[in-house]
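Dear colleague,

I am passing on the structure below, and after it you will find notes on what came out of going through it. Please read them with the structure open beside you.

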Amino acid sequence: FGGSSWISARLSGGGVGIAAHFDGKCDFGRFAGLPVRQAARLIYSDDQAEAGAAMAVINACCNTPERLSALSAMVSCETLCTDGMDLRGLTVGMIGRMRRTAEGLKAAKKVYIFELSPKEGDLPASEEDRLLPECDIVRVTGTSIINHTIEHILELAQGARVILLGPSVPMLPALRDFGAERLSGLCVTR
């Protein structure tokens, strides 16, 4: 199913995943009946709508209640990904605007918000190269995986505490090997 902001995938085994939806030329019907591995490989597609659909499939496999319980990673959606972090005096970089962020970041010395389509108060993504290396904490939306900017962001954020968050984030512990300290994704439970 493709909507205006989110796309969902339901697997034959019952898993449901969601991810950010972008405009593109994706024929969502072509995903029906595809083996999961084949559908997941489309995360590398240059068509962001297709890559988003692939991420929804990946999340339908990875972000299940059973998997997250086994990883002791199932927490309330009311928790913030920065819970337990002392942000006083720190510089925080946010890749992508996130709604529930202002309260959790009040203690930070400085907050940079980078956006591909900046609004008032945001910085253009082109400023990431200059400013991300000075950040102590970098919060990155899962859409950076879909739009293929994650690798460059992680290179710039070396030395920072990196948090991947949002409904598009697959809850894969292996992402820690690439520099993510915390993962904060979404598990569809009903």
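**Helix H2 and the cores**

Helix H2 is mostly covered, since 13 of its 15 residues are buried, where buried means under 20% relative accessible area, exposed over 50%, and partly exposed in between, with a 1.4 Å probe and protein chains only. Helices (H or I, at least four residues) and strands (E, at least two) are DSSP runs, numbered from the N terminus. Before going further, please note that this is a predicted model, in which local features need pLDDT of at least 70 and side-chain atom pairs count only at pLDDT 80 or more, while totals for chains, interfaces and linings use all residues. Residues are numbered from 1 along each chain as its sequence is written, and side-chain values use heavy atoms, with hydrogens and water left out.

The length of H2 agrees with expectation, because its 15 residues at 1.5 Å a residue should span 21 Å and its end C-alpha atoms are 20 Å apart; the expected span is 1.5 Å times one less than the number of residues. At the N-terminal end of H2, Asp-47 acts as the cap, with a side-chain oxygen 2.9 Å from the backbone nitrogen of Ala-49.

The largest nonpolar core has 40 residues, of which Ile-43, Leu-132, Val-138 and Val-140 touch the most other members. Helix H2 (residues 48-62) gives the most to this core, with 9 residues. Such a core is a set of buried Ala, Val, Leu, Ile, Met, Phe, Trp, Tyr and Cys residues joined through side-chain atoms within 4.5 Å. Another core, of 12 residues, lies apart from it and includes Met-85, Met-94, Leu-105 and Leu-165. In soluble globular proteins, nonpolar side chains tend to be buried together.

Two members of the larger core can be followed through their contacts, a contact being heavy atoms within 4.5 Å. Leu-132 is found in the loop between helix H4 (128-131) and E6, and it counts as buried because its relative accessibility is 0%. Leaving aside neighbours within four places in sequence, Leu-132 is in contact with Gly-93, Ile-95, Phe-114, Val-138, Ile-153 and Leu-156. With the same neighbours left aside, the contacts of Val-138 include Gly-93, Ile-95, Leu-132, Ala-157 and Ile-163.

**The strands**

An open sheet of 6 strands, with parallel pairing, has the order E5-E4-E3-E6-E7-E8. Its edge strands are E5 (123-124) and E8 (180-184), each of which pairs on one side only; two strands pair if DSSP finds at least two bridges between them. Within the sheet, strand E3 (residues 91-95) and strand E6 (residues 137-141) pair in the parallel sense over 4 bridges, and Ile-95 stands opposite Val-140 in E6. Thr-141 also lies in strand E6 and counts as buried because its relative accessibility is 13%. Not counting residues up to four places away in sequence, Thr-141 touches Ile-95, Gly-96, Met-98 and Leu-165.

Strand E1 and strand E2 (residues 16-20) run antiparallel and are joined by 5 bridges, with Val-16 in E2 as the bridge partner of Arg-10. Their hairpin has 5 residues between the strands, and there Gly-14 takes a positive phi near 105 degrees. Along E1 (residues 6-10) the side chains alternate, so that Ile-7 and Ala-9 point to one face and are buried, while Trp-6, Ser-8 and Arg-10 point to the other and are not. Ile-18 lies in strand E2 and is buried, with a relative accessible area of 19%. Leaving aside neighbours within four places in sequence, its contacts include Ile-7 and Ser-8, as well as Ala-56, Asn-59, Pro-167 and Leu-186.

**Cysteines and an unusual phi**

How many disulfides does a search of the whole structure find? The search finds 0, a disulfide being a pair of cysteine sulfur atoms within 2.5 Å. The sulfur of Cys-62 is 6.0 Å from the closest cysteine sulfur, in Cys-61, which is too far for a bond. Cys-62 counts as buried at 11% relative accessibility, and Cys-135 counts as buried at 5%.

Finally, His-148 has a positive phi of about 65 degrees although it is not a glycine. His-148 lies in the loop between helix H5 (143-146) and helix H6 (150-156) and is partly exposed, with a relative accessible area of 38%.

With best regards

Methods:
Polar contact = N/O pair within 3.5 Å; in protein donor to acceptor, adjacent residues only side chain to side chain.
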